[in-house]
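Hi,

Here is the structure I promised to pass on. Have a look at it first, and then read my notes below.

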Amino acid sequence: VDGKKSMRVRVADELKVEAQEDKDLVNIGYGFVKRRESCSSSSGIPGEVLVRTGRTNILDALQGLVPGLTVSNGRAVIRGIGTINSSSDPLFILDGVEVPSLSFVNLNDVERVEVQKDGSIYGVKGANGVILVTSKHGKKK
């Protein structure tokens, strides 16, 4: 399937085969589901939309595009501040790998960002929400 997450195949009478990737999929951390079948609160933003904001930082570009996300001084808060002593920083996942921040990621390399308010599949680390970043990958010609 050439690296696609989903595939729709249509076979016509002329023996022409057409394959398309479903663009309305949500990354839930351990797989992909259709947005209408997802039961968690999440927002998916394509990389092109982030680049059009004119910002250079992913978190700054997400400001105003994701309901409930507050960004100030380079820190993001998705679910509010729980206690004074614990951190309210979300978990950052870049292509399936946990990273301490997203400040090193170039916006032009981002394919899609998924912001989840419920990061329960990541345990206590995802309690403050999760920001999943999928980067663009090289493609064969």
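**The second largest pocket**

The second largest pocket has a volume of about 230 Å³. Keep in mind that this is a predicted model. Lining that pocket are 18 residues, and those nearest its centre are Asp89, Pro90, Phe92, Pro100 and Ser101. Three strands each give two or more residues to the lining: S7 (75-77), S8 (91-94) and S9 (97-99). Sorted by class, the lining residues come out as eight nonpolar, six polar and four charged.

**Around Val77**

Strand S7 is also where you will find Val77. Try picking out Val77 and Asp89 together: they are twelve residues apart in sequence, and their C-alpha atoms are 6.0 Å apart in space. Asp89, as I said, is among the residues nearest the pocket centre. Leaving aside residues up to four places away in sequence, Val77 touches Gly68, Leu69, Thr70 and Ser88.

**From the pocket to S11**

S8 takes us on to another strand. How do S8 and S11 run, parallel or antiparallel? They run parallel, with four bridges joining them. If you want a spot to zoom in on, Ile93 stands opposite Leu132 of S11.

S11 covers residues 130-135, and five of its six residues are buried. It also pairs with strand S10 (residues 110-116), this time in the antiparallel sense and over six bridges. Within that pairing, Val115 has Ile131 of S11 as its bridge partner.

**The largest nonpolar core**

In soluble globular proteins, nonpolar side chains tend to be buried together. Here the largest nonpolar core has 22 residues, and the ones with the most contacts inside it are Leu50, Ile58, Leu62, Leu102, Val113, Ile131 and Val133. Helix H2 (58-62) and strands S8, S10 and S11 are the elements that give two or more residues to this core. Which of them gives the most? That is H2, with four residues.

Val113 is a good place to start looking at this core. Again not counting residues up to four places away in sequence, Val113 touches Leu50, Ile58, Leu62, Ile131 and Val133, and also Ser43, Gly44, Ile45 and Leu132. Two of these names have come up already: Ile131 is the bridge partner of Val115, and Leu132 stands opposite Ile93.

So much for the tour. S8 is a handy strand to keep on screen, as it gives residues both to the pocket lining and to the core.

Cheers

Technical notes:
Residues are numbered from 1 along each chain as its sequence is written. This is a predicted model: local features need pLDDT of at least 70, side-chain atom pairs count only at pLDDT 80 or more; totals for chains, interfaces and linings use all residues. Side-chain values use heavy atoms; hydrogens and water are left out. On a 1 Å grid over the protein atoms alone, a cavity is a set of points where a 1.4 Å probe fits but cannot get out, and a pocket is an open set with protein on both sides within 12 Å along at least five of seven lines; lining residues have an atom within 4 Å of a point. Grid points are joined across faces, edges and corners, and a volume is the space filled by probe spheres set on the points. Ala, Val, Leu, Ile, Met, Phe, Trp, Tyr, Cys and Pro count as nonpolar, Asp, Glu, Lys and Arg as charged, and the others, Gly among them, as polar. Contact means heavy atoms within 4.5 Å. Buried means under 20% relative accessible area, exposed over 50%, partly exposed in between (1.4 Å probe, protein chains only). Two strands pair if DSSP finds at least two bridges between them. A nonpolar core is a set of buried Ala, Val, Leu, Ile, Met, Phe, Trp, Tyr and Cys residues joined through side-chain atoms within 4.5 Å.
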